[in-house]
Amino acid sequence: MKNRASAASLALLLTACSGHASGERAGIIRGDGTRGRSVYLERCAACHGAEARGSRLGPSLRALSPTWNEKRIFAAIEEPEAPMPKLYPSQLTRRDLADVAAYIDRIAAEK
Ligand code: HEC
C-alpha cells in the first residue's frame, strides 16, 4: 500500500516535470487541500501561525502575490530558502508536500 502510494506520487512528479505549462492542469493530479490543512497544522503552523498569518518565526502565507501558484508553493517547500527549513523528505512525504501546497494555494489569496 505504502509503496504503491509512493510509486503513484513519483509517477505524478514525473508527469509534472515533463509537462509544459499549458499541460499542467491535465498532467498533475492536484493535492488534497483539506488533508493539506492537517499537514500544515502539524508541520508549518509553529512558524507560519495556525491561520498562516505569520509569527516571529515565519512570514504570513496569506495575500501572496498571484505568481505564487500551487507549483511555485510546492517548489518553495521542496527546496526552501533559508531560514525556512527543509522538511521534505525527512518530515514530509511526497503526498504531504502536494497536499500542503494545495492548502496554501487555496488560502494564499485570502487576507
Ligand atoms: C522553522 C520555521 C518554519 C517552518 C516549520 C516552516 N517554515 Fe515556511 N518559512 C519560514 C521562513 C523563516 C520563511 C522565509 C524564508 C525567506 O526569508 O525567504 C519561510 C518561507 C516559506 C514560504 C515562502 C513564502 C514567501 O513569501 O517567501 C512558503 C510558501 C512556506 N514557507 C511554506 C511553509 C510550509 C507549507 C511549511 C510546512 C510544510 C513551512 N513553511 C514550514 C519558516 C518556517
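Visitor: What orientation does helix α3 have to α6?
Guide: This is a predicted model, in which local features need pLDDT of at least 70 and side-chain atom pairs count only at pLDDT 80 or more, while totals for chains, interfaces and linings use all residues. Residues are numbered from 1 along each chain as its sequence is written. The axes (lines fitted to C-alpha atoms over the stretch in contact, with angles from 0 to 180 degrees between N-to-C directions) of α3 (residues 33-43) and α6 come within 7 Å and cross at roughly 100°. Angles of 65 to 115 degrees count as roughly perpendicular, and those outside this range that are neither under 35 nor over 145 as oblique, so α3 is to α6 roughly perpendicular.

Visitor: How many charged residues are in the contact of α3 with α6?
Guide: Contact requires C-beta atoms, placed from the backbone, within 7 Å. Among the residues that meet are Arg35 and Arg37 in α3 and Asp96, Asp99 and Arg106 in α6. With Asp, Glu, Lys and Arg as charged, Ala, Val, Leu, Ile, Met, Phe, Trp, Tyr, Cys and Pro as nonpolar and the others, Gly among them, as polar, the contact has 5 nonpolar and 2 polar residues, and the charged ones number 5.

Visitor: What orientation does α5 have to α6?
Guide: α5 (residues 70-78) packs on α6 (residues 94-107) with the axes 9 Å apart, at an angle of about 125°. That angle makes α5, relative to α6, oblique.

Visitor: How many nonpolar residues are in the contact of α5 with α6?
Guide: α5 contributes residues including Ile73, Phe74 and Ile77, and α6 residues including Leu97, Val100 and Ile104. No polar residues take part; 3 are charged, and the nonpolar ones number 9.

Conventions:
Helices (H or I, at least four residues) and strands (E, at least two) are DSSP runs, numbered from the N terminus. Two residues are in contact if their C-beta atoms, placed from the backbone, lie within 7 Å.
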